[in-house]
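Let's take a walk through this one together. Have the sequence and the model open side by side as you read.

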Amino acid sequence: HPVSRALVSYQEWFPSWVSRQTFLIFLRHEFPTMSHREIPSLRVLCLRSVGANKCNAEKTFQSKKKTQKESPASRLLRSFHENDSIDRVPCFGKGSTRRANANDLDINHPFIATRDRFPEFGNPALDCLQSYLDSLVELGRLDDSRLGVNFWKEWKRNVVSDSSRKRKRSDTPIVGSLSLHNSLISEDTVEAMIKSGMGASVGVLDLTGVQTLTDDLVADLLSTMPNLQRLSLKNCRRLTGVSLQAVATNLQSLSSLDIGGSYNITTAELLEVLPSLQNLDEIYAGGLGWTDLSLEQLTSDRYWKGIGIGFSDRLTGSGLREALMSQTDLERLAIPFCEQALDTSLLGFLGRSLVKVSALDIRGNNAVNSLTSWFDGRVAAGAEALELFVLGRYSNITKASLEETKRIHPIHAIELTCILDGTGVGGGIQRQSAD
């Protein structure tokens, strides 16, 4: 049937986007009983196009050999910098329509990426390039053959554009944010990144879940990124303490590090490199086997803004209390699945001591059945009301107990958001507006 053949190959029949959409509108008008699932959505069509082997980023951004003139795609991205009317939406979390599937930032610890991990306040050109990467990941096709030198040169050009330069102080490095979360990059991609010279333009790098990453690749890559401020190596299972040495050697400006779930790294190796990372004020290292002694060493000589020490079955309540009571600057705390340590009583103590915390992960602590004690502690400390985002799945907190907490503390708990199911990805990220 001609219509059937057209549905299969209409992209070849109608090469332009306008002609394809006109054809789809015609079909829906002429065949109103036809299931919409038989006509792919524009998003699905875009994903299919991105996933095709003929969608080659190297050719897309390749300059003309004779004239060295930029490609049409490069000129289009550059034009985004001059258009302030382009609508911007967050990459993830509240208000986002992207990164909803395979490339969610971090299902279990969404608030780790605070302020500036992704370029949602950068420029639309970087958003476009990040969307391309996200789509490849969602399709399972971001392997080591996809991203070459031309792509990374294009990424760098859009970071250091004149428009971006206006948004930064002259003495501040011009950097962008990049996520390769759950990709399968390896030697070829890292070599292309290094060869392109993009390293100095990276301020935030998310390598969460890159199972092909090795210590040697990390060392090579980080040696080219002197301005890196935030780094996630979460769930990179092949990395060892050697990678931490590379971090300490090359990243003097680093303020946030996530190595949670990278179980070949030990707490002792982390504590060894901390003196070399004087600007580090957020550390997320759940699943590394924290004890009362190692946690005391972590908190004894530094005031942290963010701590993640979850999945630590050897922590005790008294050890957790002693280690955290002095952390008065703490804004984000992740202590999921510390069943031997955390209960409702200790939660009240933490609420009284940690009055700046606005994001709290207490999943899996079944001795916690209410958040009322947390707010009791805040009231007792005379703390002002703050917005609080809580991940409480697999605890014994219920909707009824949340309603009771809000009834008892109508002022302090008015901005309470507690997630009791598998949602909430990105919900606790503290954002800042563009300066």
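This is a predicted model, so start with how far to trust it: the protein chain has a mean pLDDT of 81, and 73% of its residues reach 70 or more. Confidence peaks in helix H10 (residues 215-222), at a mean of 98, and bottoms out in helix H8 (residues 162-166), at 48. Two stretches also deserve a careful eye. Over residues 100-121 the pLDDT is below 50, yet beyond near neighbours in sequence this stretch has 100 contacts in the model. Residues 431-435 are also below 50, with 12 contacts beyond near neighbours in sequence.

Now turn to helix H5, which spans residues 72-80. Which of its residues are buried? Ser74, Leu77 and Arg78 are. They sit on the same side of H5, because they cover an arc of only 100° around the axis. The general rule behind this is that an α-helix has 3.6 residues a turn, so residues three or four places apart point the same way. And what lies over those buried residues of H5? The cover includes helix H6 (124-138) and helix H7 (149-159).

Further along the chain, have a look at strand S9 (residues 388-391) and strand S10 (residues 416-419). These two pair in the parallel sense, over four bridges. In that pairing, leucine 391 stands opposite isoleucine 419 in S10. What do S9 and S10 make with helix H17 (residues 399-408)? Together, S9, H17 and S10 form a β-α-β unit, and it is right-handed.

Definitions and conventions:
Residues are numbered from 1 along each chain as its sequence is written. This is a predicted model: local features need pLDDT of at least 70, side-chain atom pairs count only at pLDDT 80 or more; totals for chains, interfaces and linings use all residues. Side-chain values use heavy atoms; hydrogens and water are left out. Buried means under 20% relative accessible area, exposed over 50%, partly exposed in between (1.4 Å probe, protein chains only). The arc is that of the directions from the helix axis to the C-beta atoms. Contact means heavy atoms within 4.5 Å. Two strands pair if DSSP finds at least two bridges between them. A crossover is right-handed if, with the strands pointing away from the viewer, the path from the first strand over the helix to the second runs clockwise. pLDDT is the predictor's confidence in each residue, from 0 to 100.
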